Amino acid sequence: MIDSQDTSDSQDTSDSQDVIELVHRPTRADILTGVLARERLRRLHLLRWGGTTLFGTAAVLLAVAALRTSAVPAVLAAFCAVLIWSTPRLQAHHALRTVAWQGEYHSSVSGAGLTSETAHVSLRQRWSVFRGYRETRDHFVLFSRDPNVLLVEVLPLRGLRSPEEAERLRALLDRRLPRL
């Protein structure tokens, strides 16, 4: 009975001593990766592509019909298709404007959680905030537990000191969170 408790304590101790540091400046690509990963987790990409296809098809049909009448409905349908398709990019642009002025982010990931600091803000998030993570080619994306996944934390691999740090970060995330 004491052994199992000692094992979990030693796991927490080794995790808290294993700190991975990231230094980065958020980019539009970082935020877009987070937005698109969140969209896939919630399966909203199906809705977005369905709407884009629906309005795109309507635009083509209305354009063909507009040869004899006004082209305004076809243009409006095409505009809606483009707007629906570009929604994640608009969200990323807005989010970047919200955080870019804070400058360089210094993040540390440890057994206790994730801490991010800028010249203006300090944020500490425990692992209990997150439901899981996904790995992309250039990022680790962590998702919050709330039903709408309002919080998405993006950890860009370019912020690590070396490629070996990515392996350590992956191992730490695997110990703390499920892959989604």
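Helices and strands are here taken as DSSP runs, numbered from the N terminus, and the structure described is a predicted model. With that numbering, Val-149 is found in the loop between strand 6 and strand 7, where its phi takes a positive value of about 50 degrees although the residue is not a glycine. Most residues other than glycine have a negative phi. Because its relative accessibility is 1%, below the 20% limit, Val-149 counts as buried.

A positive phi also occurs at Arg-43, where the angle is near 60 degrees in a residue that again is not glycine. Arg-43 is placed in the loop between helix 2 and helix 3, just after the end of helix 2. In its accessibility Arg-43 counts as exposed, because the relative value is 56% and the limit for this class is over 50%.

Helix 2, which precedes Arg-43, has 14 residues, for which a rise of 1.5 Å a residue gives a span of 20 Å; its end C-alpha atoms are 20 Å apart, so the computed distance agrees with the expected one. The helix is mostly covered, with 10 of its 14 residues buried. The buried positions are Asp-30, Ile-31, Leu-32, Thr-33, Gly-34, Val-35, Ala-37, Arg-38, Glu-39 and Leu-41, a list that includes charged side-chain types such as Asp-30, Arg-38 and Glu-39. The cover over these residues includes helix 3 and helix 4 as well as strand 5 (residues 130-135), strand 6 (residues 139-144) and strand 7 (residues 152-156).

Helix 4, one of the elements that cover helix 2, comprises 28 residues, from 72 to 99, and reaches 38 Å from its first C-alpha to its last, a value close to the 40 Å expected at 1.5 Å a residue. Within this helix a kink of about 55 degrees lies at Ser-86, shortly before the proline Pro-88. Both Ser-86 and Pro-88 are among the buried residues of helix 4, together with Ala-74, Ala-77, Ala-81, Ala-92 and Leu-96. What covers these buried residues includes helix 2 (residues 28-41) and helix 3 (residues 44-65). Gln-91, which also lies in helix 4, counts as partly exposed because its relative accessibility is 38%, between the limits of 20% and 50%. The C-alpha atom of Gln-91 is separated by 29 Å from that of Ile-20, a residue 71 places away along the chain.

The largest pocket has a volume of about 670 Å³. Of the 27 residues that line this pocket, Ile-31, Val-99, Val-152, Glu-153 and Val-154 are the closest to its centre. At least two lining residues are supplied by each of helix 2, helix 4, strand 2 (residues 105-110), strand 3 (residues 113-117), strand 4 and strand 7. Among the contributors, helix 2 gives the most to the lining, with 5 residues.

Glu-153, one of the residues closest to the centre of the largest pocket, is also the partner of Gln-125 in a polar contact between side chains, at 3.1 Å. Gln-125 has its place in strand 4, which runs from residue 122 to residue 126, and is buried, because its relative accessible area of 5% falls under the 20% limit. Leaving aside residues up to four places away in sequence, Gln-125 touches Ala-112, Gly-113, Leu-114, Phe-130, Leu-151 and Glu-153.

In strand 3 lies Thr-115, which touches His-106, Ser-107, Ser-108, Leu-123 and Arg-124 when residues up to four places away in sequence are not counted. Although Thr-115 and Glu-21 are 94 residues apart along the chain, their C-alpha atoms are separated by 9.6 Å.

Towards helix 5 (residues 163-176), Ser-162 lies in the loop that follows strand 7. The side chain of Ser-162 is joined to that of Glu-164 by a polar contact of 3.1 Å. Ser-162 counts as partly exposed because its relative accessibility is 23%, above the 20% limit for buried residues and not over 50%. Between the C-alpha atoms of Ser-162 and Thr-118, which are 44 residues apart along the chain, the separation is 22 Å.

Definitions and conventions: Residues are numbered from 1 along each chain as its sequence is written. This is a predicted model: local features need pLDDT of at least 70, side-chain atom pairs count only at pLDDT 80 or more; totals for chains, interfaces and linings use all residues. Side-chain values use heavy atoms; hydrogens and water are left out. Helices (H or I, at least four residues) and strands (E, at least two) are DSSP runs, numbered from the N terminus. Buried means under 20% relative accessible area, exposed over 50%, partly exposed in between (1.4 Å probe, protein chains only). A polar contact is a pair of N or O atoms within 3.5 Å; within protein, one must be able to donate a hydrogen and the other to accept it, and residues adjacent in sequence count only if both atoms are side-chain atoms. Contact means heavy atoms within 4.5 Å. The expected span of a helix is 1.5 Å times one less than its number of residues. The bend at a residue is the angle between axes fitted to the seven residues ending there and the seven starting there. On a 1 Å grid over the protein atoms alone, a cavity is a set of points where a 1.4 Å probe fits but cannot get out, and a pocket is an open set with protein on both sides within 12 Å along at least five of seven lines; lining residues have an atom within 4 Å of a point. Grid points are joined across faces, edges and corners, and a volume is the space filled by probe spheres set on the points.
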